[in-house]
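The following exercises concern the packing of helices and the pairing of strands. Each task is followed by a solution that proceeds step by step.

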Amino acid sequence: MIAYTPAAFFFLLCGIGVLRDRRQFSNAVLLGLAMSFLALALIAELRKAPTLVAELAAVAIILVPATGTLALIGFLISNGLTMVRKEGWRLANLLSLLAGLGILSVIGLLVAALATHSVRLGIVAGTAVLVVGYVSFLFVCFVGYAFLYGRHRPRRDVDFVVVLGSGLIGGERVPPLLASRLDRGRQVYDRQAARGNPPILIASGGKGSDEKVAESHAMAGYLVERGFPPEHLEQEDRSRTTEENLVFSKVIMEQARPDYRCVIVTNNFHAFRAALMARKAGVNGQVFGSPTAAYYWPSATIREFAAVFLAHKLVNFGICGFLAVCGLLAATY
């Protein structure tokens, strides 16, 4: 049982973190550490298993990650090409393609180092594996916890439903991505209104440099055209970023009701990062995700992770640098 102690310890810390505030990235890392130590403990148990079972498990431990990695590379490259075809040649649309090619490059370095017996190439490959391993661990933590966070549903009544804006088609029309958010916000409103306590829905989004109207105006028009009661609709039309969406909406809510509770609605790939920003901004509410086209999700998720990674760049780049130095030092001995 001692082998399971580290896993239990990190599960406990994660549980405490979730009870305090589920909108913390540290919860994701603690859960990742707990699952990693649990996997190590289970592998250690193989020593007690019959020889055949242990051998089959060892083969699975080798084959599953290898085939999984190859499948992931193929999926990322395929998805990247789909994104380019459907959304155009923008950097944000190339992220899954670049991620797939990046993993393939690291594998290529390892193969080349083994094939050529080059010490320098081996050092580069080993260092790359350490850094990529760290980033991959954080990414898996992010995706896993974001998935779990997205499973929660608003259970208690709230005073406000805040729908975060996004770009408009032709500078004036609501695109499918934003329509998904508005429809989800409407669902939250309708469920609570059916209980006799309708909240105020805040359409949050200012006017971009390439837009003819403020996003909140287009959002309000979309809702009213579909029968939403205008007396339960507010517009926040100053924000240009998600952070401003949250800060300016918070001002509206605090002025109307200082002890407010709210639900924030955005697309599912954006929900966890929006929750992190809501916590930072001091907004009293959880984030609720709306559906997103399947082909769009991988690149969008990578973009969200990159933003969270860079938000803690001092720590993350410091650790990556430390791992790189460790790789170099290990190679000299």
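Angles from 65 to 115 degrees between N-to-C directions count as roughly perpendicular, and those over 145 as roughly antiparallel. The model examined here is predicted.

**Exercise 1.** Determine how helix 5 and helix 9 are oriented to each other, and which residues make their contact.

*Solution.* Step 1: helix 9 spans residues 271–281, and helix 5 packs against helix 9 at an angle of about 85°. Their axes are 9 Å apart. Step 2: an angle from 65 to 115 degrees counts as roughly perpendicular, and helix 5 and helix 9 are therefore roughly perpendicular to each other. Step 3: helix 5 contributes Phe 142, Tyr 145, Ala 146 and Tyr 149 to the contact, while helix 9 contributes Ala 271, Phe 272 and Ala 275. Step 4: by class, these residues are seven nonpolar, no polar and no charged.

**Exercise 2.** Describe the packing of helix 2 on helix 5 by angle, distance and residues.

*Solution.* Step 1: helix 2 covers residues 25–44, and its axis comes within 8 Å of that of helix 5, with a crossing of roughly 110°. Step 2: this angle makes helix 2 roughly perpendicular to helix 5. Step 3: on the side of helix 2, the residues in contact are Phe 25, Asn 27, Ala 28, Val 29, Leu 31, Gly 32, Leu 33 and Ser 36. They meet Phe 137, Leu 138, Cys 141, Phe 142, Tyr 145 and Leu 148 in helix 5. Step 4: the contact of helix 2 with helix 5 comprises 11 nonpolar, three polar and no charged residues.

**Exercise 3.** Establish the orientation of helix 4 relative to helix 5 and the handedness of their crossing.

*Solution.* Step 1: the axes of helix 4 (residues 95–116) and helix 5 (residues 119–149) cross at roughly 150° and come within 9 Å. Step 2: helix 4 and helix 5 are therefore roughly antiparallel to each other. Step 3: the crossing in which helix 4 passes helix 5 is left-handed. Step 4: residues of helix 4 in the contact include Val 106, Leu 109 and Leu 110, and those of helix 5 include Leu 121, Gly 122 and Val 124. Step 5: the contact divides into 11 nonpolar, two polar and no charged residues.

**Exercise 4.** State the strand order of the sheet, and then locate its edges.

*Solution.* Step 1: five strands form an open sheet with parallel pairing, in the order 3-2-1-4-5. Step 2: strand 3 and strand 5 (285–290) are the edge strands, each pairing on one side only. Step 3: from one strand to the next, the twist averages 25°. Step 4: strand 1 (residues 160–164) pairs with strand 4 (residues 262–267) in the parallel sense over four bridges, and Val 162 stands opposite Ile 264 in strand 4. Step 5: helix 7 packs on the sheet and touches strand 1, strand 2 and strand 3. The direction of helix 7 makes about 160° with that of strand 3.

**Exercise 5.** Trace the connection from strand 2 to strand 3.

*Solution.* Step 1: strand 2 (residues 200–204) and strand 3 (residues 233–236) pair in the parallel sense over four bridges. Step 2: Ala 203 stands opposite Gln 235 in strand 3. Step 3: the chain leaves strand 2, runs through helix 7 (residues 215–225) and reaches strand 3 in a right-handed β-α-β crossover.

Key:
Residues numbered from 1 in each chain as written. Predicted model: local features only at pLDDT ≥ 70, side-chain atom pairs only at ≥ 80, totals over all residues. Heavy atoms only, no water. Axes fitted to C-alpha atoms, helices over the stretch in contact; angles between N-to-C directions. Helix = DSSP H or I, 4+ residues; strand = E, 2+ residues; numbered from the N terminus. Parallel < 35°, antiparallel > 145°, perpendicular 65-115°, else oblique. Left-handed = near helix turned anticlockwise from the far one by under 90°. Contact = heavy atoms within 4.5 Å. Nonpolar A, V, L, I, M, F, W, Y, C, P; charged D, E, K, R; others polar. Pairing = 2+ DSSP bridges. Right-handed = clockwise from strand over helix to strand, strands pointing away.
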